[in-house]
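Biologist: Please take one part of this model and go through it closely, residue by residue where that helps. Then set that part against the rest of the chain.

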Amino acid sequence: MPASIQLLPDLLISQIAAGEVVDRPASVLKELLENALDAGSRSIDIQLEDGGVRLIRVSDDGEGIARDQLALALTRHATSKIGSLVDLERVGTLGFRGEALASVAAVARVTLTSRQRGGEGPAHAWRLAGETGAQPEPAALPAGTVVEMRDLYYNTPARRKFLRSANTEFAHCGETVRRIALAHPEVAFSLSHNGRVNLHLAPADLRARAAVILGDDFLGESRPLDAHAGSLRVFGYCALPTYSRARADAQYCYVNRRFVRDRLLAHALREAYADLLHGSRHPAYCLFVDIDPALVDVNVHPQKTEVRFRDSRAVHQFVFHAVERALASPLSAAPFALPAESPPAIAVAPADEPIGASRVPDPPAMRPWPTGQGALHVGERVGRDDYLAFVRSARSPEPETPACEAAEPLLGYALAQLHGVYVLAQNSQGLVIVDMHAAHERILYEKLKRAFDERQVAAQRLLIPAVFAADPLDVAAAEEHAAALEQLGFDLAPMGPRQLVVRSVPALLTAADPAALARALLGELRENGVSQILTTRQNEFLASLACQGAVRARRLLSLAEMNALLRQMEETERSGHCNHGRPTWMQISMTDLDRQFLRGR
């Protein structure tokens, strides 16, 4: 006989809700920190014991809670942050569900102590224990709120069995603090574990906060980014491929200062790095997307780590092109720096306009965010036309800005070759070492991409046609796709049942072996077909041709040829890395050389 339907007790309802919101101590800590930030705190102190399982105490100097609202703060679906559907559609705070404290109180012992700012009287602070029927008691507290959680899952031992060791849980708590601290550099944070201070962050700007949390190495290998389209803005730091990781453990992405793991943004960023990363390496970045709250839904996941955009394609294109342009800066470009205050609205530079240098000097602080409760700054509403205008500005070429001829080239001037593989050059900083094949491969790849995009692939007729042996399938493919091959710059025709002749090749690849180019082309045709080569796999195909056409190791170059290679590198986008993500050059400073030879000691 089926069981009868019955209402669940309030405690059980709260414990079920806690299973969605509180899965480990780091989840509790995240909710408490978001409440503290929404209260306008400028300093937050965090104390943990046993990885947060035994104790989590969060003290802030925010607005505080009135005595008669302490009990209400521990009630389910009670919040001061939204009051209507209109508020829900334009959420401007980190917390808004009204479930966090109630869910925590259902699975742990919670004590809430608070004093409102500007209170008067002999006892301004009040303490409330989470037990049913408890009444507020007078307490001593200068200002703000202290939330103390003890013995997580003390009343649900089955859930407690799933917790990891204290060190593992503390590591998750530490990562939670770092994620939130990155998005709020104006707030001071202090984190201690078992009585020992592990992290202390003073108020700072974004650059200084990123240096402490992500490290100076990250900043030294990153490009700053700040792009606008209407009220949509993306800014932060994109690490160069030389700082890529074996795991995706250095990826920090925020939407309206809320840390998210959004598939749409992750895909846009992965595509922006597609031409630069080597193998299975993962990019590193710290990026912030500011958008009108009405254009993004943050209420799609219990832990608020996912969002949904009203116009997801436009946001994807905006982020993709902004990051791609920032990473594509030619070496000869002027240093790209973000102004400290109120930067003008800018679009990412067009394809031919230099916007950065591969060795980026330390940029000044980025524009600070407004602070206080509900402090997310948004401008006018932005529509699809604003996004598309940005994308057009990012993709439309403009006349190239001439570089200052008086300035010394970034890569200096060639001195010699090393074993026919590396070019050695001297610049103002010291010694430059260039992998000539990797560098030339990138140069050819970028030129081929531009020629194909503009449908201007110039063909060069060979003085002596190249004849080579081929199997019948290759001969058939050459006959079938003759028109497509001509579009690609190749004149390839049968000379017999098992022979092909190459009469012309793309002008950019005349230094390559024509037979090798033809074999690579026919291999791509047989494997992927013409339509794939000309659409979805075009970049892979062009990268293969560039690799075939690039100057080979052991080839001796004259000084004029080496200097020409250096100048082309300085003017080519993404020339700091080859098509496979490997670095094309490195700098050894005079200081490094002096250190190696113990000069000055």
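Modeller: Strands here are DSSP runs of E at least two residues long, and helices are runs of H or I at least four residues long, both numbered from the N terminus. The model is predicted, and the part I will take is the strand β1 with what surrounds it, starting from a residue in the loop between β1 and β2, D50.

D50 is not a glycine, yet its phi is positive, at about 55°. Most residues other than glycine have a negative phi. The loop that holds D50 is the turn of a hairpin formed by β1 and β2, with 5 residues between the two strands. D50 has a relative accessibility of 29%, so it counts as partly exposed, the class between 20% and 50%.

On one side of that turn is β1, residues 43–49, whose side chains alternate between two faces. I44, I46 and L48 point to one face and are buried. S43, D45, Q47 and E49 point to the other face and are not buried. On the other side of the turn is β2, residues 55–60, which runs antiparallel to β1 and is joined to it by 6 bridges. One of the residues facing across this pair is L48, which stands opposite I56 in β2. L48 is thus a residue of the buried face of β1 that also has its place opposite I56.

β1 has another partner, β7, residues 188–193. This pairing is parallel and runs over 6 bridges. Here D45 stands opposite S190 in β7; D45 belongs to the face of β1 whose side chains are not buried. So far, then, β1 is tied antiparallel to β2 and parallel to β7.

Ahead of β1 in the chain comes the loop that leads from α2, residues 25–38, into β1, and G40 lies in it. G40 has a relative accessibility of 12%, which is under the 20% limit, so G40 counts as buried. G40 and D61 are 21 residues apart in sequence, with 7.9 Å between their C-alpha atoms.

The rest of the chain offers several places to set beside this part. A second hairpin is formed by β16 and β17, with 3 residues between them, and H419 in its turn has a positive phi of about 55°. β16, residues 413–418, and β17, residues 422–427, pair antiparallel over 5 bridges, and the bridge partner of L418 in β17 is Y422. After β17 comes the loop to β18, residues 430–435, where Q429 is found. Q429 is partly exposed, at 31% relative accessible area. Its C-alpha lies 8.7 Å from that of T591, a residue 162 positions away in sequence.

A further positive phi outside glycine is found at R257, near 65°. R257 sits in the loop between β11 (251–255) and β12 (258–259). R257 has a relative accessible area of 6% and is therefore buried, whereas D50 is partly exposed.

Elsewhere there is an open sheet of 3 strands in the order β19-β21-β20, paired antiparallel. Its edge strands are β19 (459–469) and β20 (491–496), each of which pairs on one side only. Neighbouring strands in this sheet are turned by 20° against each other on average, direction ignored. β19 and β21, residues 499–506, are joined by 7 bridges, and R461 has S504 in β21 as its bridge partner. Helix α16, residues 514–528, lies across β19, β20 and β21 and runs at about 80° to β19.

As for the whole, the protein has 20 helices and 22 strands. Of its 601 residues, 50% count as buried. Of the contacts with a separation of 6 or more, 73% are between residues 24 or more positions apart. There are 6 cavities of 30 Å³ or more. The second largest has a volume of about 80 Å³, and R223, L240, L327, G576 and H577 are the closest to its centre among its 12 lining residues. That lining divides into 5 nonpolar, 5 polar and 2 charged residues.

Notes:
Residues are numbered from 1 along each chain as its sequence is written. This is a predicted model: local features need pLDDT of at least 70, side-chain atom pairs count only at pLDDT 80 or more; totals for chains, interfaces and linings use all residues. Side-chain values use heavy atoms; hydrogens and water are left out. On a 1 Å grid over the protein atoms alone, a cavity is a set of points where a 1.4 Å probe fits but cannot get out, and a pocket is an open set with protein on both sides within 12 Å along at least five of seven lines; lining residues have an atom within 4 Å of a point. Grid points are joined across faces, edges and corners, and a volume is the space filled by probe spheres set on the points. Ala, Val, Leu, Ile, Met, Phe, Trp, Tyr, Cys and Pro count as nonpolar, Asp, Glu, Lys and Arg as charged, and the others, Gly among them, as polar. Two strands pair if DSSP finds at least two bridges between them. Axes are lines fitted to C-alpha atoms, for helices over the stretch in contact, and angles run from 0 to 180 degrees between N-to-C directions. Contact means heavy atoms within 4.5 Å. Buried means under 20% relative accessible area, exposed over 50%, partly exposed in between (1.4 Å probe, protein chains only).
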